[in-house]
Amino acid sequence: MALHRLFQLSSVLRSAVSLTLRRNIGISAVLFNRAKEIDPVQKLFLDKIRDYSNKSKAAGGIVDAGPAYQKNVNEEITKLQRLYGGGDLNKFPDFKFSEPKFDEGAK
């Protein structure tokens with residue numbers, strides 16, 4: 001009976017240790033992957049994103065936007081102003097709601 005209890009206890013301990021080791025190995029695998037060099041496709045992708053970000057900051061907007069792009073943007077803004085009654089499309093509209101006037105009825 002004592003031997004049976006010892007085997008049960010050892011299996012519980014073994015499963016707890018196994019679970020702890022799996023968790024630690026999983027966490028350390030993530031940390032080791034960060035330490036290693038990223039794969040070439042990811043590196044190329046990140047380099048292109050950084051390059052585009054730098055170009056965008058230097059250009060102050062869309063990268064490689066020519067006069068045709070600006071013409072299309074201006075045409076679309078004109079259409080929207082015509083459809084929605086003009087105004088500044090870059091500013092959030094101010095809503096002003098007046099309080100309703102209720103007439104007191106005869107009691």
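1. Confidence. The chain has a mean pLDDT of 80, and 78% of its residues reach 70 or more. This is a predicted model. Confidence is uneven along the chain: helix H1 (residues 2-35) is lowest, at a mean of 69, while H2 is highest, at 91. Where pLDDT is low, the coordinates should not be read in detail. That caution applies to helix H1, with its mean of 69.

2. Overall fold. The chain contains 3 helices and 0 strands. Its pattern along the sequence is α-α-α. Helix H2 spans residues 40-59. Helix H3 spans residues 67-83.

3. Burial and surface. Of the 107 residues in the chain, 1% are buried. The accessible surface comes to about 10800 Å². Carbon and sulfur atoms account for 61% of that surface.

4. Salt bridges in helix H2. The whole structure holds 5 salt bridges. Opposite charges on side chains can pair when the charged atoms come close. Which residue pairs with lysine 43 in a salt bridge? The partner is aspartate 47, with the closest N and O atoms 3.4 Å apart. These two residues are about one helical turn apart, because they sit 4 residues from each other in helix H2. Aspartate 47 also forms a salt bridge with arginine 50, where the closest N and O atoms are 3.8 Å apart. That distance falls inside the cut-off, so the pair counts: a salt bridge needs a side-chain nitrogen of Lys or Arg within 4 Å of a carboxyl oxygen of Asp or Glu. Arginine 50 and aspartate 47 are 3 residues apart in helix H2, so about one helical turn separates this pair.

5. Exposure of the H2 pair. Are aspartate 47 and lysine 43 buried or partly exposed? Aspartate 47 is partly exposed, because its relative accessibility is 34%. Lysine 43 is also partly exposed, at 37%.

6. Salt bridge in helix H3. Lysine 79 and glutamate 76 meet through their side chains in a salt bridge, at 3.3 Å from N to O. Lysine 79 is partly exposed, at 39% relative accessibility. Glutamate 76 is partly exposed too, at 41%. Both residues lie in helix H3, 3 residues apart, or about one turn. Back in helix H2, salt bridges with shared partners join Lys43, Asp47 and Arg50 into one network.

7. Nonpolar patch. Which residues make the nonpolar surface patch of about 520 Å²? They are Ile77, Leu80, Leu83, Tyr84 and Leu89. Isoleucine 77 is placed in helix H3. Isoleucine 77 is partly exposed, because its relative accessible area is 34%.

8. Aromatic pairs. The structure has 2 aromatic pairs. In the pair of phenylalanine 92 and phenylalanine 95, the ring centres lie 6.2 Å apart and the planes meet at 80°, so this pair is edge-to-face. Phenylalanine 95 and phenylalanine 97 form a stacked pair, with 6.3 Å between centres and 15° between planes. Phe92, Phe95 and Phe97 thus belong to one aromatic cluster.

9. Exposure of the cluster. Where on the scale do these rings fall, buried or exposed? Phenylalanine 92 and phenylalanine 95 are both exposed. Phenylalanine 95 has a relative accessible area of 57%. Phenylalanine 97 is exposed as well, at 75%. Both values exceed the cut-off, because exposed means over 50%.

Note on methods: Residues are numbered from 1 along each chain as its sequence is written. Side-chain values use heavy atoms; hydrogens and water are left out. Buried means under 20% relative accessible area, exposed over 50%, partly exposed in between (1.4 Å probe, protein chains only). Patches are made of residues with over 30% relative accessible area and no salt bridge: like charges are joined within 9 Å, nonpolar side chains (Val, Leu, Ile, Met, Phe, Trp, Tyr) within 5 Å. Accessible areas come from the Shrake-Rupley method with a 1.4 Å probe; for residues, only the protein chains shown count as cover. pLDDT is the predictor's confidence in each residue, from 0 to 100. Rings of Phe, Tyr and Trp (its six-membered ring) pair if their centres lie within 6.5 Å; planes under 30 degrees apart count as stacked, over 60 as edge-to-face and the rest as tilted.
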